[in-house]
Amino acid sequence: MTMMQNDLAQAQEASARKWVPLLAKYRDPSTPRSLFELAVTMAGFLAFWALAWVALSVSPWLALAIAVLNGFWLVRLFLIQHDCGHQSFFANRDVNDWVGRAIGVLTLTPYTVWKRTHSIHHAHAGNLDRRGIGDVMTLTVEEYHQRSWLGRLMYRAYRHPIVMFGIGPAYLFVLEYRLPLGLMTAGWRYWLSAMGTNLVLAALLTGLFLLGGWQVPVLIFLPTVVSAATIGVWLFFVQHQFEDTYWDQETDWQMHDAALLGSSHYKLPQPLRWMTANIGIHHVHHLYSRIPFYRLSEILRDYPALAEAQVLTLRESLSCARLHLWDEAGRRLITFREARQVRAAQTA
């Protein structure tokens with residue numbers, strides 16, 4: 001970098017970093033509030049489960065529809081697990097971890113494995129030299145064109161909406177999470193997390209089968225999980241895969257800039273905001289991940305500048321599914337068609 005560029009980068013980093021001490025005062029969780037959020041969410045999840053089970057005697061299709069809707073409650077449970085992983089839901093570390101592990105059985109997510117990969121995501125989000133764990137695979141325009149035709153085809157298939165939001169989420173939660181992929185040689189605790197979750201999950205599914213036959217796991221349990229996985233992957237996608245997001249090579253990468261500029265404020269209407277546990281306030285979450293989800297709205301109330309930063313509406317988010325490649329020169333995420341135009345201009 002030139003001296004001027006370096007000064008500009010330092011100024012930008014200081015601007016993003018200034019929020020950290022201001023946000024620190026929101027980090028303390030309230031035990032009664034956390035217990036209330038957990039109880040309400042679990043009650044809603046179990047109520048829809050019971051309703052779907054009863055509906056089996058009326059119509060399998062009705063039971064399936066209720067199970068799909070129950071995916072929203074499971075997403076909320078996952079986001080409580082998410083806060084536990086950040087040690088932000090309860091003041092006590094052990095309570096966070098055991099609640100996270102218990103919820104991990106319902107979400108099919110080995111808690112210790114996910115906690116580690118998610119911390120890697122937070123530590124390296126937006127860093128082009130640290131991609132591969134806990135993120136959505138994203139190539140630069142140059143990297144894409146350097147691939148063979150088969151490599152480009154595979155990347156296009158991976159980024160296709162049917163795979164990204166259909167096949168992919170089901171594969172991720174139902175199959176991939178059964179092993180500590182990415183941490184296979186990182187130590188026994190990750191194997192214990194994955195295998196322990198699998199063992200309890202197997203016992204749960206066996207019990208459901210014995211109590212209600214094949215229809216309960218197939219028409220209620222699995223659709224709920226797949227519905228939640230799809231919603232969850234969509235949320236994660238639009239929180240980082242939007243046009244003006246942030247990516248940089250490690251030499252220029254700045255953690256606080258990546259947190260603020262590389263995460264969207266997904267402005268969802270109520271009750272979706274409540275059902276998704278304020279995870280749409282993602283730019284603030286990345287700036288200070290130790291804040292409980294139920295305090296994030298306080299920050300937007302107290303700091304209007306953050307309320308208006310990185311706003312992405314529900315309608316605007318739909319176009320994010322068309323963005324696939326990072327244009328390093330233009331510093332934005334672009335479509336495959338735009339990438340061809342960029343490439344043509346570079347080789348002209």
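This passage looks at the overall build of the chain and then at its internal cavities.

The model is a predicted one. Its chain folds into 19 helices and 5 strands. As for overall dimensions, a compact globule of 348 residues would have a radius of gyration near 20 Å, and the chain comes out at 21 Å, so the two agree. Laid along its principal axes, the C-alpha trace spans about 70 × 50 × 45 Å. Some 48% of the 348 residues count as buried. Contacts across the sequence are well represented: taking contacts between residues at least 6 apart in sequence, 70% join residues at least 24 apart. On the outside, the chain exposes about 17,000 Å², with carbon and sulfur atoms supplying 65% of that area.

Inside, there are 2 cavities of 30 Å³ or more. The largest has a volume of about 200 Å³, and 20 residues line it, with His121, Ala125, Gly126, Asp135 and Trp247 the closest to its centre. Two elements, helix H7 (111–124) and helix H12 (215–240), each give two or more residues to this lining. H7 provides the largest share, at 3 residues. Sorted by class, the lining of the largest cavity is a mix of 8 nonpolar, 9 polar and 3 charged residues.

The second largest cavity has a volume of about 40 Å³. Its walls are made up of His82, Asp83, Ala277, Ile279, His285, Ile291, Phe293 and Leu296. By class, that comes to 5 nonpolar, 2 polar and 1 charged residues.

How values were computed:
Residues numbered from 1 in each chain as written. Predicted model: local features only at pLDDT ≥ 70, side-chain atom pairs only at ≥ 80, totals over all residues. Heavy atoms only, no water. 1 Å grid on protein atoms, 1.4 Å probe; cavity = no way out; pocket = protein on both sides within 12 Å on 5 of 7 lines; lining within 4 Å. Points joined across faces, edges and corners; volume = space filled by probe spheres on them. Helix = DSSP H or I, 4+ residues; strand = E, 2+ residues; numbered from the N terminus. Nonpolar A, V, L, I, M, F, W, Y, C, P; charged D, E, K, R; others polar. Rg over C-alpha atoms; globule rule 2.2 N^0.38 Å. Buried < 20%, exposed > 50% of the residue type's maximum accessible area, 1.4 Å probe, protein only. Contact = heavy atoms within 4.5 Å. Areas by Shrake-Rupley, 256 points an atom, 1.4 Å probe, with all protein chains shown as cover.
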